[in-house]
Amino acid sequence: MLSTMAVISPVRAPALPSTARPRIVPSIRFTPIRAVSWRMDQAKTLQNTDNTDSADSSKKKKRKNSNQRSKDSILKAVVPKTQGAMSIKKREHKNGGEDELHASDVKEAIHYLLETDQELELPNEDDVKKVIDYILETKARLRKGNVIVVEASSTNGTLLDNEASQGGNDRVPASSTNGSLVDHKSSHEGNGGAPNIDAETITKNKENVTKTKAVNVSTRGRILEVKDLVNASSNNGDSSAQSKQVKSVETVETTVVKQPSSTERKGDVIQKLELKCEETLRNDALQRLSEECLKGCRKIFFYPEVVKPDQQVEVFFNRRSSNLKTEHDVMIMGAFNDWKWKSFTIKLNKSHLIGDWWSCKFHVPNEAYKIDFVFYNGKDTYDNNNKQDFYIMVDSEMDAVAFENFLLEQKLLEKEESERQKAEKKKEEEELRRSEVDRKEKEADRAKAREEVAKRQRMVEELTKNALFSLEGVWEIEPRQFKGNDKVRLYYNKSSGPLSNSQDVWIHGGHDNWKYGPDIVAKLKNSERTGGVWWCADFVVPDEAVVLNWVFADGPPKQAAVYDNNHTRDFHGIVPASIPGDTYWVEEEEKIFKTLQKQRHLKEKEKQTKVERVERLKAEAKAKTLKSFMLSRQHILFTNPLQITAGSEVTLFYNPSNTVLNGKPEVWLTYSFNRWTYSNGPFPPQRMMHVENSSHLAAMIKVPLDAYVMDFVFSERVGDGIYDNNNHMDYHLPVYGGIVQEPPLDIVHISAEMAPIAKVGGLADVVTSLSRAIQDMNHNVHIVLPKYDCLQYNHVKDLQYQKSYFLGSTEIKVWTGKVEGLSVYFLEPLNGFVWAGRVYGCGNDPERFGFFCHAALEFLVQNGFHPDIIHCHDWTTAPVTWLLKEQYVNYGLDKARVIFTIHNLEFGPQLIGRAMAFADKSTTVSPTYAREVSENPVVSPHLQRFHGIINGIDPDIWDPYNDRFLPVPYTSHNVIHGKRAAKNALQHRLGLQMADRPMVGIISRLTKQKGIHLIKHAIWRTLDRGGQVVLLGSSPDPQIQHDFVNFSNQLKGSHHDQACLCLTYDEPLSHMIYAASDFILVPSIFEPCGLTQLTAMRYGSIPVVRRTGGLRDTVFDVTDDVERAKGLGIEPNGFCFDVADEAGVDYALNRAISAWYEKRQWLYYLSMCVMEQDWSWNRPALDYLELYYAAGINK
């Protein structure tokens, strides 16, 4: 920054020819601060000019570039062309014209002030207008002709005598040195050269300055008033020195103005100056805009005219032209981006503009591309622009599409934050719960410690009640004071009792009421003590003994014949130093308390570790199942990446050669999201592209952030033709990580069975386990069940009466409770239909369950249920299907879709056939069983709506790692150890030989369906091969039951230590058999699904099965089914046979037992593999959900 600055005021020069007279124009890079003839008080506010003065900068004459000045180089001052006031009347300027003033003019002027570090003062409004006029005029002049610029250099804060000649026609140098004003008379060469003022002249005039005090000169900018300036120019371009005189110079005494020592004050002043200029520009623009609006009959305008994000905008409203013209209050109600973002309501105020203009200001957020608003009176009168609303477009990079993506990202962030907060809240609640539990447990441990101490105190009191320190004339102990671990001597007067004639005397002793039996045995010897026949023995007092107990005998234990036992009361001697005092009991209580705490913490830690491991194993199983689910259809379709994530791009691969589109020249993909409900879908069909060296076709798909499932079908062309729609179910793939979750379904199961409270067969397990799996997927599940009088109520939590209702004249009581975490409604009709002491087996079963079906639907209607799915099972609830469609669809159950599942077609086929005709979808419990019954006349008419879905098992109920019935918990990692422990425990329990032999387990209902003749043969075959057999099961047929009782007796006679038949139902024993057996036999004649083989694999037992129904779908022979298993993405896991005869059984069973003898390590590996296969409801639940949606529900 320069410390001084010289500004030369203009003086009138002699008249010169117009052609020779140079044009002297102020430089826009500098505006004078203070002068006499050209005074700063006429133009104190500065405006900058843009680098481009007009819209077309190519048409302007380029300004001559001056040399870049150094840090202390001269500053450019300005010499106006003529003397006089520089206030120019403001002209009309068109938008975008060359003379228009821009905001950048202000900024450039401000930058100059920053560079020159001048003393600033805030101008008034009139000055601002004059400066604006001046800048506009200057900009116009800069586009014309030459200029003369006065340059001032400063050294040491003085004006220097500059004697250097300056060439050219546009510079007038003035210099300062040593603080003196110098009359510089040297000549300058060149056209338009400035006069030289020598130092002597200036020195003389400096003296006059002090005397006249006519002009103020500041130390930051010394002012020299030049009254006469003679300009000379040479003709014909010759450069000659011209004599320049200063005719009169009036000077004034220098006034020193103290400057701020920092840039803060200057910055404040500059900011005020800029704001003042901008305010003036704004007021002019507002007046112009208001006049234009009035002329154009428009109601609103806004400022600035180009609205950008992250700035204030002011909206002006002409109340007079609105239906709000008589309202006292006017408010604006608005939002951004088509009313989707950040709403606001602001009261308008009367503005200073001419007319009835009201206005308000608000901030435009960064995300805005449009402002939407209406005006109203704060109550019920609105001006909404003739129902079109008002809007202002924002000059932003944001648009509608980008904003939608932004909203999705915001929702994702909100979801993550919500999940974080939920996790924090859950953690806090868990900590509070844990703290409360810990407090209660501490209180319980403290109470237990006190109780133990009190018990010990009572024991000590009881022990010492009959104890003595000595018994005069009979016994005494030396020394008198002793404690545990001390060596003492006991004296006994042999003559005092029955041992007076005995040759030997022994002590048989213990302590604390013989707590640990006789632990003191010693032979007494004759002592030298007088006063009787005293014998003595030395021994060590047991540790922590309070009272010593003993008797005397004539021999050691088990050899003595004569005893002195103090007349059957024994002898009791106090250990004096061991009698506890108050301090002891306090310390003992604390010791017991700490022990209890430590034991509890260890137990809790072990329990928590177990829970965490179980949850981890379940999560791993789910992930593995999902991957298997995705890969199971890879021969038709798959994605890359395999797991679809919201907000990503995936490649979908489709193989038409394995579908109905095989051989089609083109394949078109039609897709959408969220069960075809996505707002922007379905998306336009796209032709799939061939993949090199593959039969697959591919298409790229962008997955939105708000997707939770991807939906698609394939066709041979757009619009019509052949479609591959996955057997009318469409293709669906789950999407993870989205901002929205799939809306929950409301599902009601109406069933005659439910495990474990009303279990007869596998139906009960399916109802409970499937419901739990669907509920774990965040859907709402309820179960309606008869309230049998034979229910196992110990498995029902919070059972309570809810209400009663009537069906016809029959009153039905409704009870509610929780079973395995599921909400269950128990219906108890007072007609006695559920008071039979059994589930099935009554002569009026069809009437009983028909009434129950009707009552269940009536219950749903009367209690306001609106389920999406009603799922009924087997013949017992088949009437639900037609009762719903014929009677209840118009009474509140119109949106419900009914699913009917066949668990066993052997029972009630006529009812099942009618149910399939009315059901929206029908299922059975395995794909193979569905094919096996597809030709049955009750099924075949409905094959398009008939699907086979394999059952699963509940991994929480059947879990060897968390099974309380097993001696050792185990997983696949320690399966050998766990199963060996279980086999030993089972052998011991059933009286079998404790030997390492192959064990075959059979857990089954004994019916012809289960292949009872094959079971008998397998038992004999196993025994012939040196194995052991355990059977658990009973028969509903008395004849079959009696037959197996006789068979069991036969085996007891011949193989009592190798075979055991338990002909009953025993749940804990079944867990032990699954764990102990090496093989589980299931030789069923037919098997819709079968759960036995699935449970066996969960416990590491290898299934030996007949290849039928669900057995074929879940067990793959280690030799014969390798390729079939590979196609489904699983490993072979058992031994199978096809023909239901003895040879078939031998084929499978012999190979299994031989593997046990010959390939033990391989069999261990197989056991580990089957444990890691997921046969839970993870996969079937996904299939059932697909079926529910395919039934046509509309969420």
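Hi everyone, let's start with two helices: helix 5 and helix 6 cross each other in a right-handed way. Keep in mind that this is a predicted model.

Where do we find this pair? Helix 5 covers residues 400–465 and helix 6 covers residues 582–631, and their axes come within 8 Å, crossing at roughly 135°. Because of that angle, helix 5 counts as oblique to helix 6. And what sort of residues make up the contact between helix 5 and helix 6? There are 15 charged ones, eight nonpolar and three polar.

Now, on to the sheet. Here we have nine strands in an open arrangement with mixed pairing, and if you walk across, the order is 38-39-40-37-36-41-42-43-44. At the edges sit strand 38, residues 797–807, and strand 44, residues 946–948, and each of them pairs on one side only. On average, neighbouring strands in this sheet are turned by 25° against each other, direction ignored.

Let's stay with strand 38 for a moment. Strand 38 runs antiparallel to strand 39, residues 810–819, and eight bridges join the two. If you'd like one spot to look up, try Gln 800, whose bridge partner in strand 39 is Thr 816.

Finally, which helices lie across these strands? Helix 8, residues 845–862, lies across strands 36, 37, 38, 39, 40 and 41, and runs at about 95° to strand 38. Helix 10, residues 909–918, lies across strand 42, strand 43 and strand 44, running at about 150° to strand 42.

That's my tour, thanks for listening!

Key:
Residues are numbered from 1 along each chain as its sequence is written. This is a predicted model: local features need pLDDT of at least 70, side-chain atom pairs count only at pLDDT 80 or more; totals for chains, interfaces and linings use all residues. Side-chain values use heavy atoms; hydrogens and water are left out. Two strands pair if DSSP finds at least two bridges between them. Helices (H or I, at least four residues) and strands (E, at least two) are DSSP runs, numbered from the N terminus. Axes are lines fitted to C-alpha atoms, for helices over the stretch in contact, and angles run from 0 to 180 degrees between N-to-C directions. Contact means heavy atoms within 4.5 Å. Angles under 35 degrees count as roughly parallel, over 145 as roughly antiparallel, 65 to 115 as roughly perpendicular and the rest as oblique. A crossing is left-handed if the near helix is turned anticlockwise from the far one by less than a right angle, and right-handed if clockwise. Ala, Val, Leu, Ile, Met, Phe, Trp, Tyr, Cys and Pro count as nonpolar, Asp, Glu, Lys and Arg as charged, and the others, Gly among them, as polar.
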